[in-house]
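Subject: Structure handover

Hello,

Here is the structure I promised to pass on. Please open it and keep it beside this email while you read.

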Amino acid sequence: MSIASITVALDTGETAASRVRLAADLAQRFEATLTGVAARQLPIPGPAADIVVSQASYDEEQNRLADELARAEDLFRTNAGTTIRTSWRQAEAGSEAFLIRHARATDLIVIGRDASSAGRYTMEPDPGTVLMEAGRPVLVVPPGTERLDAARIVVAWKDSVEARRAVTAALPFIGRADKVFVAAAGNEARFEGADEVSEHLARHGAHVTTNLLGAPAGDIADAILRFARREEADLIVMGAYGHSRFREWFFGGATRDMLRLSPIPCLMSH
């Protein structure tokens, strides 16, 4: 397996530049094309007695969006550099919907972890929505992370469809890593088949160990993060939303916790 096309989500926030530099470094490493994507939906005009006032307000919003998109493109081109193949996509559209649409022609999506300002009329796509709907692996990058060596990788293993997809998506990274740790956490960890996954990854050339972590059901993410920090991992691979997203939002879950808290980049798949 290989990575030939990477898409990075752009906005004009403080963390976007480092995200582009990380994505560009990956594109150079895998000899892939890097596409920058930015979009924002315009607010729906409210009721106005004067159609001229309403049109003027809409024109002002369009001009503001054009300026934001121009700044996002400049940020992308400045930080992507000139040593890799690049392309640019922008639109007046919902940021998640536009990114998901372009996911049909990419191998990997790079997106920011901190979506605290994500909303209907912002350029920051919500990573949870993209994970659920894009049908592609998503690399969720914490704020300020400029490079991903993927030298020491933790595979947060649970025997689920989502985790199997994540491991397959991570093979281009796993084959190049110095060390891979397959880590299953929780009371049922010994029944999840982690040993078989380690054997499978060893056949792909990985230097891999199996690790069973004790953790209550509600502390799986915390156990994985503690283990990853202890092993000085710089990438976590995991399945996303094994339960419904609503259930994780309401009751809590490992995916939600990782999207909120992880200081380490996470390669996720749903």
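A residue counts as buried when its relative accessible area is under 20%, and as exposed when that value is over 50%. Keep in mind that this is a predicted model.

Start with Thr-145. It lies in the loop between β5 and β6 (152-156). Is Thr-145 buried or exposed? Its relative accessible area is 16%, so Thr-145 is buried. Its side chain reaches the backbone oxygen of Pro-142 at 3.3 Å. Leaving aside residues up to four places away in sequence, Thr-145 touches Ser-18, Arg-19, Leu-22 and Pro-265.

Now compare Met-1. This residue is in the segment before β1. Met-1 has 70% relative accessibility, so it counts as exposed. Met-1 still has contacts: it touches Thr-168, Leu-171 and Pro-172, again not counting residues up to four places away in sequence. From Met-1 to Glu-96 the separation is 95 residues in sequence and 27 Å in space, C-alpha to C-alpha.

Next, the sheet. It is open, with 10 strands and mixed pairing. The order is β3-β2-β1-β4-β5-β10-β9-β6-β7-β8. Which strands stand at the edges? They are β3 (86-91) and β8 (208-213). Each has a single partner strand, so one side of each is left without a neighbour in the sheet. From one strand to the next, the twist averages 20 degrees.

Look at one pair up close. β1 (residues 5-9) and β2 (residues 33-39) run parallel and share 5 bridges. Ser-5 stands opposite Thr-33 in β2.

Two helices to find on the sheet:

- Helix α3 (residues 95-102) packs there and touches β1, β2, β3 and β4 (108-112). Its direction makes about 155 degrees with that of β2.
- Helix α9 (residues 254-261) also packs on the sheet, touching β5 (138-141), β9 (235-239) and β10 (266-269). Its direction makes about 150 degrees with that of β9.

Last, the cores. The largest nonpolar core has 55 residues. Leu-10, Leu-34, Leu-139, Ile-153, Phe-173 and Leu-201 touch the most other members. Helix α1 (residues 16-30) gives the most to this core, with 9 residues. A second, separate core has 39 residues, including Ile-100, Ala-103, Val-154 and Met-268.

Try selecting Ile-153. Not counting residues up to four places away in sequence, it touches Phe-173, Ile-174, Ala-177, Lys-179, Val-180, Phe-181, Leu-235 and Val-237.

Best wishes

Methods: Residues are numbered from 1 along each chain as its sequence is written. This is a predicted model: local features need pLDDT of at least 70, side-chain atom pairs count only at pLDDT 80 or more; totals for chains, interfaces and linings use all residues. Side-chain values use heavy atoms; hydrogens and water are left out. Two strands pair if DSSP finds at least two bridges between them. Helices (H or I, at least four residues) and strands (E, at least two) are DSSP runs, numbered from the N terminus. Axes are lines fitted to C-alpha atoms, for helices over the stretch in contact, and angles run from 0 to 180 degrees between N-to-C directions. Contact means heavy atoms within 4.5 Å. A nonpolar core is a set of buried Ala, Val, Leu, Ile, Met, Phe, Trp, Tyr and Cys residues joined through side-chain atoms within 4.5 Å. Buried means under 20% relative accessible area, exposed over 50%, partly exposed in between (1.4 Å probe, protein chains only). A polar contact is a pair of N or O atoms within 3.5 Å; within protein, one must be able to donate a hydrogen and the other to accept it, and residues adjacent in sequence count only if both atoms are side-chain atoms.
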